[in-house]
Amino acid sequence: MTAPSLPATAAVSPLLTRLAAERATGALLRERGTLFLEDGRVVHAESPATPGLDVLLTTGGGLAPERWTEAVNEAGARRQVARFLVDSGGMAGGELEICHLAAIFDAAFFALSPGSGPSRFRRGATHWIGTVRSVPAAAVERETRRRRELLDAVWPYPLLDTSPVVPRAAAPGQTVTARQRLLLARADGVRTPADLAWLLGRPAFHTLLDVRRLAAAGLVETPYTPAVAEHAPETPLPDWMTQTQSPDVALLRRLRDALEASL
């Protein structure tokens, strides 16, 4: 079932909106993640559901793990890890900014998700990574809302986001991108999208999006929630009526793709 979309004017987090208006500095803590604010702008975000900046830079990027460890050991206590990475020549400032922005929007998507528990604000708290680049809170909320809508527009089956990724054979003539091939090669029917994100060093949201696109193309199994009847029928139905099966939507999409490819 598709989650209801938020109205364009609805706040993803009323508390975040209020803190931004107050130009507050501190940490907004929720069950699925934390947003760090400076003068009301988001300067960092982290979530247990997403690979951190360290994974994006080392596993997914070109930073040697030992350089990251050195930066944390040398500058973590001063809360200037980002500055140390750039000043020591570990990486270019532009590359760091891109990865840092990816980490902010990725973690914020999960931290601001519905049902993420009550919000608390720890005034004055800062993160040891230091300031790289700040983002307006309104931009973070807008991107979070856009990402929710995008997932459901691609393939509205949220169970995919937490279930093991089970690959399916491609239809004749069906192709996949190099990025999709890499993900499918590591999908063993046990790893979830979150597991694959950590393994590949990719943002978790981008991995969710890849999995949903693959499921829409019939290249990944879609887990379905069986419907539960509210009331049992008073009179049993004939056998020929109860044997009707629901159509496999993913299979129909694959057949359509194969037909279109042959035209």
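Colleague: Does Arg147 count as buried or exposed, and at what relative accessibility?

Modeller: In this predicted model, Arg147 belongs to helix H6 (residues 137-154). The limit for a buried residue is under 20% relative accessible area. Arg147 therefore counts as buried, its relative accessibility being 7%.

Colleague: With which residue does Arg147 form a salt bridge whose closest N and O atoms are 2.7 Å apart?

Modeller: The partner lies in helix H6, 4 residues from Arg147, so that about one helical turn separates the two. That partner is buried as well, with a relative accessible area of 16%. Salt bridges that share partners also join this pair and Arg146 into one network. The residue that forms the 2.7 Å salt bridge with Arg147 is Glu143.

Colleague: Which residue meets Glu70 in a salt bridge, N to O?

Modeller: Glu70 lies in helix H3 (residues 65-75), and its partner is in that helix too, 3 residues apart, about one turn. Glu70 is partly exposed, with a relative accessible area of 33%, and the partner is partly exposed at 27%. The side chains meet at 3.3 Å, and the partner of Glu70 is Arg67.

Colleague: What N to O distance is found in the salt bridge of Arg202 and Asp210?

Modeller: Both Arg202 and Asp210 are buried. A salt bridge requires the nitrogen to be within 4 Å of the carboxyl oxygen. The side chains of Arg202 and Asp210 meet that condition with an N to O distance of 3.8 Å.

Colleague: What distance separates the C-alpha atoms of Leu182 and Leu200?

Modeller: Leu182 is located in helix H7 and is partly exposed, with a relative accessible area of 36%. Beyond its neighbours within four places in sequence, Leu182 contacts Leu200 and Arg202. Leu182 and Leu200 are 18 residues apart along the chain, and the separation of their C-alpha atoms is 8.6 Å.

Colleague: Which residues does Thr192 touch, not counting residues up to four places away in sequence?

Modeller: Thr192 sits in the loop between helix H7 (178-186) and helix H8 (193-200). Thr192 is buried, with a relative accessible area of 17%. Outside that sequence window, the residues touched by Thr192 are Thr162, Ser163, Pro164 and Val165.

Colleague: Which strands are the edge strands of the open sheet?

Modeller: The open sheet has 5 strands with antiparallel pairing, in the order E4-E1-E2-E3-E5. An edge strand pairs on one side only. The edge strands are therefore those at the two ends of the order, namely strand E4 (120-123) and strand E5 (135-136).

Colleague: In E5, which residue is the bridge partner of Arg41?

Modeller: Strand E3 (residues 41-46) and E5 run antiparallel and are joined by 2 bridges. Strands of a sheet pair through backbone hydrogen bonds. In E5, the bridge partner of Arg41 is Pro136.

Colleague: Which element supplies the largest share of the lining of the second largest pocket?

Modeller: The second largest pocket has a volume of about 200 Å³. Of its 17 lining residues, the closest to the centre are His44, Glu46, Gly52, Leu53 and Asp54. E3, helix H2 (53-58) and helix H5 (93-111) each supply at least two lining residues. The largest share, 3 residues, comes from E3.

Colleague: How many nonpolar residues does the lining of the second largest pocket have?

Modeller: The lining consists of 17 residues. By class, 5 of these are polar and 2 are charged, while the number of nonpolar residues is 10.

Methods:
Residues are numbered from 1 along each chain as its sequence is written. This is a predicted model: local features need pLDDT of at least 70, side-chain atom pairs count only at pLDDT 80 or more; totals for chains, interfaces and linings use all residues. Side-chain values use heavy atoms; hydrogens and water are left out. Buried means under 20% relative accessible area, exposed over 50%, partly exposed in between (1.4 Å probe, protein chains only). Contact means heavy atoms within 4.5 Å. On a 1 Å grid over the protein atoms alone, a cavity is a set of points where a 1.4 Å probe fits but cannot get out, and a pocket is an open set with protein on both sides within 12 Å along at least five of seven lines; lining residues have an atom within 4 Å of a point. Grid points are joined across faces, edges and corners, and a volume is the space filled by probe spheres set on the points. Ala, Val, Leu, Ile, Met, Phe, Trp, Tyr, Cys and Pro count as nonpolar, Asp, Glu, Lys and Arg as charged, and the others, Gly among them, as polar.
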